[in-house]
Amino acid sequence: MIIFYLARATNGVIGRDGQLPWRIPADLKRFKALTMGKPMVMGRKTFDSFPSPLPGRRHIVLTRGSWTAQGAEVAHSVEEALAMAGDDVAVIGGAQIYTQFLSHADQIELTEVHDEPEGDAIVPAFEGWREIAREDHPGEKQRPAFSFVTLTRP
């Protein structure tokens, strides 16, 4: 099963300057719980945004060039990344990676961030997917309201 994991603002923003434009600890905790033990497929910029490889998960990095990094397994095509990852794949971004893998995705674990921050990485709304679960959370202090949403193909 190929599952997307991402947090996306109301305006489609998923990142700004290689970072998340919000701080939602519950989202990071959920991301860790859902991806633990899974191979994660990501782009180079997403890998570079981590201070170090995330424990307990493989890091398969899709890149065009001859880039390498400690803790990263390099793939040069969607097919190669999927072959390396096996049956249970966590696709974690960024925007170009989601676009490249969309036709392969079975499910989306989405954190809808109810805000419209500025950003330079945008993912359009997932049209034609069926919502099967939603858990709403109110905003607090500087943190925007958000919802955990699970989408599947119809």
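A salt bridge here is a side-chain nitrogen of Lys or Arg within 4 Å of a carboxyl oxygen of Asp or Glu. In this predicted model, Lys38 and Asp88 meet that definition, with their closest N and O atoms 3.7 Å apart. Lys38 sits in the loop between α1 and β3, and Asp88 in the loop between α3 (78–85) and β6, so this pair ties together parts that are 50 residues apart in sequence. Lys38 counts as buried, because its relative accessibility of 15% is under the 20% cut-off. Asp88 is partly exposed, with a relative accessible area of 35%.

**The sheet and helix α1**

The strands next to these loops belong to an open sheet of eight strands, in the order β5-β4-β3-β6-β1-β7-β10-β9 and with mixed pairing. At its edges stand β5 (73–75) and β9 (130–137); each has a single partner strand, so one side of each is left without a neighbour in the sheet. On average, neighbouring strands are turned by 20 degrees against each other, direction ignored.

Strand β1 (residues 2–9) pairs with strand β7 (residues 107–113) in the parallel sense, over seven bridges. In this pairing, Leu6 stands opposite Leu110 in β7. Helix α1 (residues 25–35) lies across β1, β3 (39–43), β6 (89–91), β7 and β10 (146–152). The helix runs at about 30 degrees to β10.

**Salt bridges**

Side chains of opposite charge can pair when their charged atoms come close. The structure holds eight salt bridges, and the table gives three of them.

| Pair | Closest N to O | Relative accessible area |
|---|---|---|
| Lys38 and Asp88 | 3.7 Å | Lys38 15%, Asp88 35% |
| Arg58 and Glu73 | 2.8 Å | Arg58 32%, Glu73 28% |
| Arg134 and Asp136 | 3.6 Å | Arg134 37%, Asp136 53% |

The side chains of Arg58 and Glu73 meet in a salt bridge. This pair links distant parts of the chain, since Arg58 lies in strand β4 (residues 58–62) and Glu73 in strand β5, 15 residues apart. Arg58 counts as partly exposed, and Glu73 is partly exposed too.

Arg134 forms a salt bridge with Asp136. Arg134 is partly exposed, whereas Asp136 counts as exposed, because its relative accessibility of 53% is over the 50% cut-off. Both residues also belong to a network of salt bridges that links Glu112, Glu131, Arg134 and Asp136.

Terms used
Residues numbered from 1 in each chain as written. Predicted model: local features only at pLDDT ≥ 70, side-chain atom pairs only at ≥ 80, totals over all residues. Heavy atoms only, no water. Pairing = 2+ DSSP bridges. Helix = DSSP H or I, 4+ residues; strand = E, 2+ residues; numbered from the N terminus. Axes fitted to C-alpha atoms, helices over the stretch in contact; angles between N-to-C directions. Contact = heavy atoms within 4.5 Å. Buried < 20%, exposed > 50% of the residue type's maximum accessible area, 1.4 Å probe, protein only.
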